[in-house]
Amino acid sequence: MEAAAAAAEGHHHHLHGCLAVRAPVPRCLHGGGAAALVGSCDEASCGSPRWIGKSLSCVCIKRKGAYERICMNLTPVQEERLQRLRHRMKVYFDPSRRDHQEALKALWHATYPDQELQGLISEQWKDMGWQGRDPSTDFRGAGFISLENLLFFAKTFSASFQRLLKKQCGNRATWEYPFAVAGVNITFMIMQMLDLQSIKPRTFVRAVFIQMLSEDEWAFDLLYCVAFVVMDKQWLDKNASYMDFNEILKSTRAQLERELLLDDVMRIEDMPSYSLLC
């Protein structure tokens with residue numbers, strides 16, 4: 001995706017974040033063993049997640065009997081990929097840019113491969129779930145990355161994308177959520193959940209995600225796809241209607257956070273809800 005590549009380019013600055021180091025054996029032990037390991041860590045401390053972001057260089061978090069370590073310094077790979085992702089998040093959609101125009105056209109062709117697009121401003125866009133004839137006005141909340149997310153979803157999991165677009169499963173409400181606008185809102189929700197723009201880490205979810213990012217630079221886009229199918233499933237399970245969308249988005253975020261913190265989830269693909277994608 002040329003548009004995605006263009007959005008990912010940016011100037012790199014030195015930064016501090018967090019790294020979740022997951023290991024099959026405990027990083028800390030109870031009693032004297034714990035004290036010994038803490039002493040060997042540079043300014044380390046063992047305790048609850050409330051320690052995150054309190055100017056410590058190393059923190060240990062206990063989860064299901066094993067301690068895991070969060071460090072404030074990023075690896076070079078994490079730093080580079082986090083900077084790329086941060087840059088993508090800062091790019092506004094610009095309808096005058098050729099690469100942004102081409103990305104919008106690519107989304108149309110991936111969504112409706114047998115229908116010719118009449119123009120970047122057209123009544124056709126309403127069929128996809130944009131609010132008006134000009135989809136560029138709906139990107140204000142999340143920027144160009146929300147278009148990249150939709151395009152990634154359409155190309156990577158086309159069957160799931162089409163199923164949600166066409167509302168093919170379950171008993172649907174009379175007033176359904178608009179597909180494309182919902183996608184923009186999901187991007188914004190994930191950006192808030194991961195809190196990647198802040199300098200100091202404030203959540204363990206962010207630390208876990210940054211580790212995933214070091215394994216797969218498309219982790220954010222994959223998480224977006226999972227979030228979309230989770231949102232739609234909750235929509236159906238709760239018999240939601242248009243006015244319930246914000247509550248469904250909140251419960252979707254809560255489920256994503258729970259799954260990201262599961263002990264056996266090391267990649268986005270390990271999340272239980274990833275199996276909803278096809």
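**Exercise 1. State how exposed R97 is in this predicted model, and find its salt-bridge partner.**

Step 1. R97 has a relative accessible area of 33%. Buried means under 20% and exposed means over 50%, with partly exposed in between, so R97 is partly exposed.

Step 2. The partner is D99: the two side chains meet in a salt bridge, with an N to O distance of 2.6 Å.

Step 3. The same cut-offs apply to D99. With a relative accessible area of 22%, D99 is partly exposed.

**Exercise 2. Describe the salt bridges of helix α10 formed by E247 with K250 and by R253 with E257.**

Step 1. Take E247 and K250. Their side chains meet at 3.6 Å, N to O. The two residues are three apart in helix α10, so about one helical turn separates them. Both E247 and K250 are exposed.

Step 2. Take R253 and E257. This salt bridge has an N to O distance of 3.1 Å. Here the spacing in helix α10 is four residues, and the separation is again about one helical turn.

Step 3. Assign the exposure of the second pair. R253 has a relative accessible area of 29% and is partly exposed. E257, at 24% relative accessibility, also counts as partly exposed.

Step 4. Place these pairs in the whole structure. A search finds eleven salt bridges. R88, E148 and D221 are linked in a network of such bridges.

**Exercise 3. Which residues touch the most other members of the largest nonpolar core, and which helix gives the most to this core?**

Step 1. The largest nonpolar core has 73 residues. Those touching the most other members are W130, F153, I190 and F228.

Step 2. Identify the helices involved. At least two core residues come from each of α3 (76-90), α4 (98-111), α5, α6, α7, α8 (204-215), α9 (219-237) and α10 (245-260).

Step 3. Helix α9 gives the most, with 13 residues.

Step 4. Set this against a general tendency. In soluble globular proteins, nonpolar side chains tend to be buried together.

**Exercise 4. Trace the surroundings of F153 and S160.**

Step 1. List the contacts of F153, leaving aside neighbours within four places in sequence. They are S158, S160, F161, L164, Y224, C225, F228, V229 and L277.

Step 2. Follow the contact to S160, a residue of helix α6. Its relative accessibility is 0%, so S160 counts as buried.

Step 3. List the contacts of S160, not counting residues up to four places away. These are F153, V229, L276, L277 and C278.

Step 4. Compare the two lists. V229 and L277 appear in the contacts of both F153 and S160.

**Exercise 5. Is W175 buried or exposed, and which surface patch does it belong to?**

Step 1. W175 is found in the loop between α6 (158-165) and α7 (179-194).

Step 2. Its relative accessible area is 62%, so W175 is exposed.

Step 3. W175 forms a nonpolar surface patch with Y242 and M243. Together the three have about 460 Å² of accessible area.

**Exercise 6. Locate M266 and give its distance from E215.**

Step 1. M266 is found in the segment after α10. At 35% relative accessibility, M266 counts as partly exposed.

Step 2. M266 and E215 are 51 residues apart along the chain, and their C-alpha atoms are separated by 9.1 Å.

Step 3. For the chain as a whole, consider contacts between residues at least 6 apart in sequence. Of these, 67% join residues at least 24 apart.

**Exercise 7. Summarise the chain and decide where its coordinates call for caution.**

Step 1. The chain has ten helices and four strands. Along the sequence they follow the pattern α-β-α-β-β-β-α-α-α-α-α-α-α-α.

Step 2. Of the 278 residues, 50% are buried. The chain exposes about 13,400 Å², and carbon and sulfur atoms supply 52% of this area.

Step 3. The mean pLDDT is 79, and 73% of the residues reach 70 or more. Among the elements, helix α5 (residues 144-156) has the highest mean pLDDT, 98, and helix α2 (residues 32-40) the lowest, 30.

Step 4. Over residues 1-59 the pLDDT is below 50. In the model this stretch has 134 contacts beyond near neighbours in sequence. Where pLDDT is low, the predicted coordinates should not be read in detail.

Methods. Residues numbered from 1 in each chain as written. Predicted model: local features only at pLDDT ≥ 70, side-chain atom pairs only at ≥ 80, totals over all residues. Heavy atoms only, no water. Patch = residues over 30% accessible without salt bridge, like charges linked within 9 Å, V, L, I, M, F, W, Y side chains within 5 Å. Areas by Shrake-Rupley, 256 points an atom, 1.4 Å probe, with all protein chains shown as cover. Salt bridge = Lys/Arg side-chain N within 4 Å of Asp/Glu carboxyl O. Buried < 20%, exposed > 50% of the residue type's maximum accessible area, 1.4 Å probe, protein only. pLDDT = per-residue confidence, 0-100. Contact = heavy atoms within 4.5 Å. Core = buried A, V, L, I, M, F, W, Y, C linked by side-chain atoms within 4.5 Å.
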